[in-house]
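Q: Please take a close look at one part of this model for me. I would like to understand the place where the two chains meet, and what sits there.

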Amino acid sequence: MEILVCVKRVPDTAENEIEVAADGSDIERDDLVYSVNEWDNYAVEEAIQLVDKAGGSVTVVSVGDEEAEEVVRREMAMGANNGLLLSDDAFEGSDGKGTATILKAAVEKGNYDLILTGALADDGAGQVGGMLAAMLDLPFASVVNRIEVMDDKKLKIGREIEGGNQEMHEIDLPCVLSIQTGINEPRYVGIRGIRKVASVEIPVWGTSELGVAADSVGAAAARVKRLDYFVPDLGEGAEILEGSLEEVADKLIEMLKAKGGIK
Amino acid sequence: MAGQVFAYIVYKEGKADDTALELVKAAGKINPDASPTAIVTGSGSDLDAVCNEVTASYKEVWKFDNEALAYPNAEIIRQLLVKVLPADAVVLVAHDTFGMDLSPGLAIMLDSTFVPDVVDFEGLEGDTLKAVRQEFSGQVSTHVNCDLSNGAVINVRPGVFQADGAAGVGGQVIDKSSEIGELVLRRRYLETVEAEVGDVDITKEDVLVSVGRGIEDQDNIEIAEELAEAMGAVVSCSRPIVDAKWLEKSRQVGTSGQTVKPKVYMALGISGSFQHLGGLKGNPFIVAVNKNPKAPIFQVADVGIVEDLLEFAPVLTEKIAEGK
Ligand SMILES: Cc1cc2nc3c(=O)[nH]c(=O)nc-3n(C[C@H](O)[C@H](O)[C@H](O)COP(=O)(O)OP(=O)(O)OC[C@H]3O[C@@H](n4cnc5c(N)ncnc54)[C@H](O)[C@@H]3O)c2cc1C
């Protein structure tokens, strides 16, 4: 099975305090720790496990600037066979549709049976997988937390829906699936793994290699345009308890007792 | 001026989801003059019941009755919507796992604009709609301008457009089933497997000590367990803790976990994503312990403690034990 996994380099929200830049045009990016989008990492692990069982190869692709190469390389260190970076000044400012347009062109230059994305990334949109499927006229399923190969024409998949229930489907190949966290336990990537792929050439494709018209992607083509970043003023918020750990604990205990929080 | 507004109605066992009313409210926020049309798909008596129910809040209800639609499979419903919607339709969908499945592809097939997970609208000027979204797990918000000239599919976050109840508009049901035509089944629904039941039922507990990714390590779960024991509480958690297999799925609070209604909720190292908070009902007294003063959880918590939970929780446990 030939599998393409789409990955994104994102600021790690578990590691960073995200702050809005003074003019509101962006977030403060200077000291951010970046990593591969959490959901995408599960998608790559799943692809590797599928190929371990059924044969074939895993290609990891990212749309981004040259720094996105580091996440492609990291996922190759995990065990993906090939890497691909889609990068061009013309891609900058793409909305979800723009990103899907770029990925579609890359998909069409290969011969993939299965295309995986993460269910969600840093912009909270969860849109690229579904858009890509529609552009390619392939069947799609979102928030997938189980994949079983039935034969070379179809998969049995589970979608994790509300309440943690699992909706089982049979889906025809080729198809596009967006992967939910928890589907597997992504393997640890050690220094040795990274070293092994340190000098592997990762091709970089832009508009000309992909055959994408520059005006069909990027900021000019975007129908959803971000105007600013801001932190909403949501009323009072929490009463913050101040003092030493002991003082804060004492204050909290009084409050908890009053609310029935200590039995 | 943007096109006709539609709302896709999600329902279960013959009862419309709360979002059916929320979408009316959302439509009104986009354009106070809009009278949205409800779209209800399915088969048989459940479908009829829901169509009748939503006539209380929608003037026009389009009904699509077909056996192939008996289970809400977005892959099939998308094909149907592409056939029956006008080119410049503005379609509102709840941003749940069905909306995530349906909408991005629908917008592509309609050649319209997709706007995901909207939390507010700030006005329509000509064909440009200004909407509010969140990024980076809700740590920051953004305004986006959306071009509606070719129509749009807009996913609206559940729970944010609190509805006042059905308005009693006395709408009518229009049976559009004859327009369904042929539907291709490339993804076939098989069954739904219910989530596993665990050793404790967190939905019945009054006091929960809930841990998130901030607990950092499996060995630290003990810290939460000790605090819970001192308080007479039970340990629950956010999704990453279950993904890491540190606690059972039955202890997960959130839209893809349990819906809990405690009196007191202690959130330790939980950022406060909307999927997590979606499982927290009944307006509990929320205490948040988080080392990031900007964490969204502080916006909903009653009391906040900006500390490293690994240092604070043991002190709290000890103090409670001393007082007993
Ligand atoms: C379809 C779908 C369904 C989902 N369903 C659910 C669901 O049911 N439940 C759920 O919880 N999530 C769900 N999620 C995931 C959700 O989007 C978030 O990713 C998740 O809730 C984040 O969990 P968290 O707050 O524990 O982790 P993070 O967002 O990583 O937050 C960790 C927090 O801990 C703080 N912290 C770190 N270290 C410390 C320390 N030492 N002391 C104090 N604080 C510290 C950090 O500042 C941060 O605020 C769902 C996602 C999707 C796409």
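A: What follows walks through the interface, from its overall extent to the shared sheet and the ligand.

The model is predicted. Start with the extent of the interface. Chain A puts 83 residues into the contact, and chain B puts in 86. Together the two chains bury about 7,400 Å². Carbon and sulfur atoms account for 56% of that area. On the chain B side, the residues that lose the most area to chain A are B:Ile108, B:Phe136 and B:Arg186. These three together make up 10% of what chain B buries.

Next, the charges. Twelve salt bridges are counted between chain B and chain A. One pair can be inspected directly: B:Arg186 forms a salt bridge with A:Asp137. Their closest N and O atoms are 3.4 Å apart. That distance falls inside the 4 Å limit used for a salt bridge. So B:Arg186 has two roles to note here: it is among the three residues of chain B that lose the most area to chain A, and it has a salt-bridge partner in A:Asp137.

Polar contacts add to the picture. Across the interface, 44 residue pairs are in polar contact, with both residues at pLDDT 80 or more. The chain B side that touches chain A is mixed by class: 35 residues are nonpolar, 28 are charged and 23 are polar.

Now the backbone. Strand E13 of chain A, residues 239-240, runs parallel to strand E18 of chain B, residues 303-305. Two bridges join them. Within this pairing, A:Ile240 stands opposite B:Gly304. The pair belongs to an open sheet of six strands. Its order is E13(A)-E18(B)-E17(B)-E16(B)-E14(B)-E15(B), with parallel pairing. The edges are E13 of chain A and E15 of chain B, residues 234-237. Each edge strand pairs on one side only.

Finally, the ligand. The ligand lies between chains A and B. It is surrounded by 31 residues. The closest are B:Ser238, B:Gln252, B:Ser256, B:Ser271 and B:Asn290. B:Ser238 has a polar side-chain atom 2.5 Å from an oxygen atom of the ligand. B:His276 also places a polar side-chain atom by a ligand oxygen, at 2.8 Å. B:Asp308 faces a nitrogen atom instead: an N or O atom of the B:Asp308 side chain is 2.9 Å from a ligand nitrogen.

To pull this together: the two chains share a sheet through E13(A) and E18(B), they are linked by twelve salt bridges, and the ligand lies between them.

Definitions and conventions: Residues numbered from 1 in each chain as written. Chains lettered and ligands numbered in written order. Predicted model: local features only at pLDDT ≥ 70, side-chain atom pairs only at ≥ 80, totals over all residues. Heavy atoms only, no water. Contact = heavy atoms within 4.5 Å. Buried area = accessible area lost by both parts, 1.4 Å probe. Salt bridge = Lys/Arg side-chain N within 4 Å of Asp/Glu carboxyl O. Polar contact = N/O pair within 3.5 Å; in protein donor to acceptor, adjacent residues only side chain to side chain. Nonpolar A, V, L, I, M, F, W, Y, C, P; charged D, E, K, R; others polar. Pairing = 2+ DSSP bridges. Helix = DSSP H or I, 4+ residues; strand = E, 2+ residues; numbered from the N terminus. Near = heavy atom within 4 Å.
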